[in-house]
Amino acid sequence: MGLTIDIERKLPGFKLKINLSCGQEIIGILGASGSGKSMLLNCIAGLVKPDKGRIALHDTVFFDSDRKINIAPQDRKTGYLFQNYAMFPHLTVAENIAFGLDHLPKAEQQSRVSELLESFHLADMGKRYPAQLSGGQQQRVALARAMAVEPKIILLDEAFSALDAYLKAHLIKETIESLKKFQGITLFVTHNMDEAYRLCNRIVFLNNGRVETVGSKEEVFQQPKTLETAKITGCKNMASAVRQSEHIAQIPNWGIQVATAMRIENREGFLGIRANHIKLAAENVQENCYPVWIADESDATFSTTLYLKIGSIPKRPDDFHIQWEIRKNQRAELSNLPQPIRIYMDPEDVFFMAK
């Protein structure tokens, strides 16, 4: 049961080949631009026909190339929220939400639209047109329209990409609350790892049209299995590594050995640690402690990123090995310490990825 996908679709210079099963949950679809995220949603929704394979939701077969099945998009019971919301500019908010409800009696259409307007805090906007709405209001209308058809699956394609940071945080919270009531499957395509972590239970990472990683959000973010997965989830510190023992790897480019709580099974691979997981070393800790010099730094709103060289004085700003992200007040405290500073990499935070 659930959603099962086993399809292939060939495009110029690109081939989508997906084998995936999903249960009743919110699943984040991550990957670089051009990795096939939106194409996957379009195949599920019936907007793009795969070359071969099968897509089924519970007992309903959406597509089966062997059995010549390809049911129409409107019969798939999918709610699709497009990146640009795809609202009809000549229809009011109420009419946009009602689009797709023509099969229902007029009174039932009006009742459902009124209920959704109230649920999505749009009760006084039913007679407005899309051009009269803010980006956040348009997003709520688009989600209400997706929910209006009582879908069994919801597809969200970069649903928050056009919003500013404050509005995005507010609407993600609202969307989480709305999806908690949804008794179905949600697929959420995004480039943003923070959005995926806040909204999703499980993460699927696509690379060049194929599923590279599937796991809980905790597994994928804390211990990515591949280099590309680590990159897309925002890890800034990765280097080639050679296994020394079950829990120790040599990093030739950094000139150090690093212990990890993970069991290292491959001879060669990559070692990584996230910039915000590095710590200032305590005096009584020796393992995974290294002297570093600051080569350069970059300020963000609430944090500072230090570019560190391990083991020797940097010769120029781009002469560094790792990045360390710290709070602004911690940066002020470090100003009082002589260089080199001793940093600590907790073995629990260090992960090893096979080549």
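Here is a walk through this structure, one neighbourhood after another.

Before we start, keep in mind that this is a predicted model, where local features need pLDDT of at least 70, side-chain atom pairs count only at pLDDT 80 or more, and totals for chains, interfaces and linings use all residues. Residues are numbered from 1 along each chain as its sequence is written, and side-chain values use heavy atoms, with hydrogens and water left out.

A word on names, too: helices (H or I, at least four residues) and strands (E, at least two) are DSSP runs, numbered from the N terminus.

Let's begin with strand β10, residues 202-207. Strand β10 is joined to strand β11 (residues 210-216) by 6 bridges, and the two run antiparallel. Pairing here means that DSSP finds at least two bridges between two strands. If you want to see who faces whom, Ile203 stands opposite Gly215 in β11, and Arg202 stands opposite Ser216 in β11. The hairpin of β10 and β11 has 2 residues between the strands, and in this hairpin Asn208 takes a positive phi near 55°. Strand β3 (residues 26-30) is also joined to β10, this time by 4 bridges and in parallel. Here, Ile29 has Val204 in β10 as its bridge partner. With 5 of its 6 residues buried, β10 is largely enclosed by the rest of the structure. Buried means under 20% relative accessible area, exposed means over 50%, and partly exposed is in between (1.4 Å probe, protein chains only).

Helix α1 (residues 37-45) tells a similar kind of story. Of its 9 residues, 8 are buried, so α1 is largely enclosed by the rest of the structure. Among the buried ones are Lys37, Met39, Leu40 and Cys43. Right after α1 comes Gly46, with a positive phi near 90°.

Now for a pair of helices. Helix α4 (residues 135-148) and helix α5 (residues 165-180) pack at an angle of about 20°, with their axes 11 Å apart. That makes α4 roughly parallel to α5. Axes are lines fitted to C-alpha atoms, for helices over the stretch in contact, and angles run from 0 to 180 degrees between N-to-C directions. Angles under 35 degrees count as roughly parallel, over 145 as roughly antiparallel, 65 to 115 as roughly perpendicular and the rest as oblique. Which residues meet where α4 and α5 touch? On the α4 side they are Gly136, Gln139, Arg140 and Leu143, and on the α5 side they are Leu167, Leu171, Glu174 and Thr175. Contact means heavy atoms within 4.5 Å. If you're puzzled by the spacing, an α-helix has 3.6 residues a turn, so residues three or four places apart point the same way.

Next, look for an open sheet of 5 strands, in the order β14-β13-β12-β15-β21, with antiparallel pairing. At its edges stand β14 (256-259) and β21 (351-354), each with a single partner strand, so one side of each is left without a neighbour in the sheet. Neighbouring strands of this sheet are turned by 45° against each other on average, direction ignored. Zooming in on one edge, strand β13 (residues 248-251) pairs with β14 in the antiparallel sense over 4 bridges. There, Ala249 has Val258 in β14 as its bridge partner.

Finally, a few loops deserve a stop. Thr92 sits in the loop between β7 (78-81) and α2 (93-98). Is Thr92 buried or exposed? With a relative accessible area of 11%, Thr92 is buried. Leaving out residues up to four places away in sequence, Thr92 touches Gly126, Lys127, Arg128 and Tyr129.

Two other loop residues are worth seeing side by side. Lys68, in the loop between β5 (60-64) and β6 (69-70), has a positive phi near 60° despite being a residue other than glycine. Asn288, in the loop between β16 (279-280) and β17 (289-299), also isn't a glycine and has a positive phi of about 60°. Their surroundings are another matter: Lys68 is exposed, with a relative accessible area of 74%, whereas Asn288 counts as buried at 5% relative accessibility.

The last stop is Pro340, found in the loop between α9 (328-334) and β20 (341-344). The peptide bond from Gln339 to Pro340 is cis, with omega near 10°.
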